[in-house]
Amino acid sequence: MKPYIGIDLGTTNTVVACADYIEDGNVKIDILDIEQISDRCGSITVKKNVAVLHLCG
Amino acid sequence: MGHEFIGQLAKNMKNVEYDRVIYNSKNYIGNRNHVWQIDNKKYTPEDVAEKILSVAKANVERFYGERVDGAVITVPASFNHDQIESTKNAAKSAGFLEDRLIFISEPTAALLDLIYEEKLSDKRNTIHDFSKPKKVLVFDLGGGTCDVSIMNVEINGDDYKVEELAISPHTQLGGVDFDICGVLYLLHKYSILNDIDHKRMPHHVDVKRYIFSVLSLEIEKARIMFSSLSSGLTGEGYGDVVYRNSLENFYTGQSFEFEISKKEYDECIKPLLTKGGNLGFNIIDPIIDTLNKANLGKEDIDEVFLVGGMTAYSTVREAIENFFGKKTISYLDPMYSVAKGAALYNYYNENKKKIEKGKIIIYPVVAENIYLDVKNNLPVLLVSQGTKAPYEKVHEGIVKVDNATGIKLDILSGKSIYDPKMKRLKSVQLTFTDIIKPGTPISIKVTFDKNRILHLEAWVTGNFKQRIDVTFDKEVLYDGC
Ligand SMILES: Nc1ncnc2c1ncn2[C@@H]1O[C@H](COP(=O)(O)OP(=O)(O)O)[C@@H](O)[C@H]1O
Ligand SMILES: [Mg+2]
């Protein structure tokens, strides 16, 4: 399925939504649960809808 | 060299490494001189946006197992040319394709979500009728900004039309300010408890930052708890809710056990919710400002729609309902409307040809006046604020060449020609290939594309061969095309 994405690049939170056709001319929109990505230094948490940049030494 | 972290974890780590955390970078986007330096690496606001968008893109791709190269990205309605352009460059660097990117304003996206939700609920029970054109005020209170817009909404069968009528000036007032009010209150409690003068308490700037950082997070947690526990239980006569916690090693090795009730907290934030509050800024002023700009009274507004995380807090909602004297429209998750509306627009836009009935028409407007500076004269207006995009206009012979090889064009933006904050968007030296007589008139074509990004073209009037494309990141000289 081809995702149609919308990104709310906020000041404190970034939210990603995906639209997708269901039926009867209706479109379903989901908020994407952005999961954790592991990293040597710990983990990059892009929890649900939050994306705040942190740079760690 | 370290690793870069993006996310909630990062936010929490502000406690530990506050000087290595970049936040609220969106407030600086479009400002070419702003940089943060961490170790030996420099980060511009555009770099930060790029990193956030890359993570978002990578996650969507992983989730769907498909390459994603297009997106609808939202920007504040008040964003100017530079701010939108910089956001677009960030998206391009993050791997999105330029021609698959669309930028729409946050309130437009939020409204699309509202009307779509209303359409879905139509079958169940219509609450807000948009079959006649309505004036909707979108109030967005987020983490760092308060954006107000008045929009005209019309639904005609399956067609939606959303038009921006007026937008508030960019107002940096948001959740962080609501945190600080509570932080000061807790510090006051701490100083009474320990019999010390809290104003003189943190000797070292690091200690001070640490204390503010820790307490800010506590206040945010308290507020979110109040929201979840007190929904429906507000106003006089209802019980109070209390947030309690203990912070170990808070100051000079001592711990701090504290509590704050919703009533106490609401008292702290009152100045932010009241016109004329003693802090000098509040959420009511931008509302009044926007109504004035649109030449409307509050009674002319048909619906007030609340978006942004801070509007999940009942006391904020009540302040707005008191101002308008009526109920507002708000969802349980006011933080999601903008992204949902953007995704919906993306879907409609990509499937325009396939969708048999129903379309979305949006009318973005230019956020500021654009002027051309003219030597020894007042600037000339090229595009006025509120002009609907896309827009195109040719200004024949608007300036004259002042030396034999070309002319310098200064493009300015601001509220009026007397605006003390008038900004120079771009200064370009146009050099023509042929020798041109001083005094020769030059024509300029101004274009605002659908993303509200400005493009200029200039040529010797009557001689289109001597044409120069003045894009803002590159100047291309057409040598007789
Ligand atoms: N349930 C809630 N109750 C109270 N405040 C909340 C709630 N959820 C989020 N917030 C506040 O909303 C703000 C974030 O809002 P958001 O709309 O995501 O911001 P932005 O778009 O500016 O990034 C934060 O200050 C956060 O504390
Ligand atoms: Mg927002």
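# Ligand 1 and salt bridges in a two-chain model

Q: Let's start with B:Glu392: is it buried or exposed?
A: In this predicted model, B:Glu392 counts as exposed, because its relative accessibility is 55% and the cut-off for exposed is over 50%.

Q: Which residue forms a salt bridge with B:Glu392?
A: The partner is B:Lys445, and the closest N and O atoms of the two residues are 3.9 Å apart. B:Lys445 belongs to strand β19 (residues 441-448) of chain B and B:Glu392 to strand β16 (residues 391-400) of chain B, so this salt bridge ties together parts that are 53 residues apart in sequence. Elsewhere, salt bridges with shared partners join B:Arg67, B:Asp69, B:Arg100 and B:Glu350 into one network.

Q: How many salt bridges are there over all chains?
A: The structure holds 25 of them, counted over all chains.

Q: And B:Lys423, what does it form a salt bridge with?
A: B:Lys423 pairs with B:Asp82, with 3.8 Å between the closest N and O atoms. This pair links distant parts of the chain, since B:Lys423 sits in strand β18 (residues 423-431) of chain B while B:Asp82 sits in helix α3 (residues 81-93) of chain B, and the two are 341 residues apart. As for their surroundings, B:Lys423 counts as partly exposed at 34% relative accessibility, whereas B:Asp82 counts as buried at 7%.

Q: What about B:Asp113 and B:Lys340, where do they sit in chain B?
A: The side chains of B:Asp113 and B:Lys340 meet in a salt bridge, with an N to O distance of 3.2 Å. Here too the pair links distant parts of the chain: B:Asp113 is in helix α4 (residues 106-122) of chain B and B:Lys340 is in helix α10 (residues 337-350) of chain B, 227 residues apart.

Q: Why is B:Asp113 called buried?
A: B:Asp113 is called buried because its relative accessible area is 2%, and buried means under 20%. Its partner B:Lys340, at 14% relative accessibility, also counts as buried.

Q: Switching to the ligand: where does ligand 1 lie?
A: Ligand 1 lies between chains A and B. Of the 18 residues around ligand 1, those that come nearest are A:Thr12, A:Asn13, B:Glu220, B:Arg223 and B:Ser227.

Q: Which helix gives the largest share of the shell around ligand 1?
A: That is helix α6 (residues 205-230) of chain B, with four residues of the shell. In terms of domains, the shell takes at least three residues from each of domain 1 (104-173 + 283-363) and domain 2 (175-271) of chain B.

Q: How many nonpolar, polar and charged residues has that shell around ligand 1?
A: The shell has five nonpolar residues, 11 polar ones and two charged ones.

Q: What is 2.9 Å from an oxygen atom of ligand 1?
A: A polar backbone atom of B:Gly143 is at that distance from a ligand oxygen. In addition, a polar backbone atom of B:Gly309 is 2.8 Å from an oxygen atom of ligand 1, and a backbone N or O atom of B:Met310 is 3.2 Å from an oxygen atom of the ligand. The protein covers 89% of the 580 Å² of accessible area that ligand 1 has on its own.

Q: How many residues of helix α9 of chain B are buried?
A: Helix α9 (residues 314-324) of chain B is mostly covered, with eight of its 11 residues buried; among them are B:Val316, B:Ile320, B:Glu321 and B:Phe324. After α9(B) comes B:Gly325, which has a positive phi near 70°.

Q: Which residue, not a glycine, has a positive phi of about 50°?
A: That is B:Asn249, which is placed in strand β9 (residues 242-251) of chain B and is exposed, with a relative accessible area of 53%. B:Asn295 also has a positive phi, near 60°, and lies in the loop between α8 (284-293) and β11 (303-307) of chain B, where it counts as exposed at 71% relative accessibility.

Q: Where's the cis peptide bond with omega about 0°?
A: It joins B:Ala389 and B:Pro390, and B:Pro390 is in the loop between β15 (380-383) and β16 of chain B.

Q: Last one, what's the secondary structure of chain A?
A: Chain A has zero helices and six strands, and buried residues make up 60% of its 57 residues.

Key: Residues numbered from 1 in each chain as written. Chains lettered and ligands numbered in written order. Predicted model: local features only at pLDDT ≥ 70, side-chain atom pairs only at ≥ 80, totals over all residues. Heavy atoms only, no water. Near = heavy atom within 4 Å. Polar contact = N/O pair within 3.5 Å; in protein donor to acceptor, adjacent residues only side chain to side chain. Areas by Shrake-Rupley, 256 points an atom, 1.4 Å probe, with all protein chains shown as cover. Nonpolar A, V, L, I, M, F, W, Y, C, P; charged D, E, K, R; others polar. Domains from an automatic or database assignment. Buried < 20%, exposed > 50% of the residue type's maximum accessible area, 1.4 Å probe, protein only. Salt bridge = Lys/Arg side-chain N within 4 Å of Asp/Glu carboxyl O.
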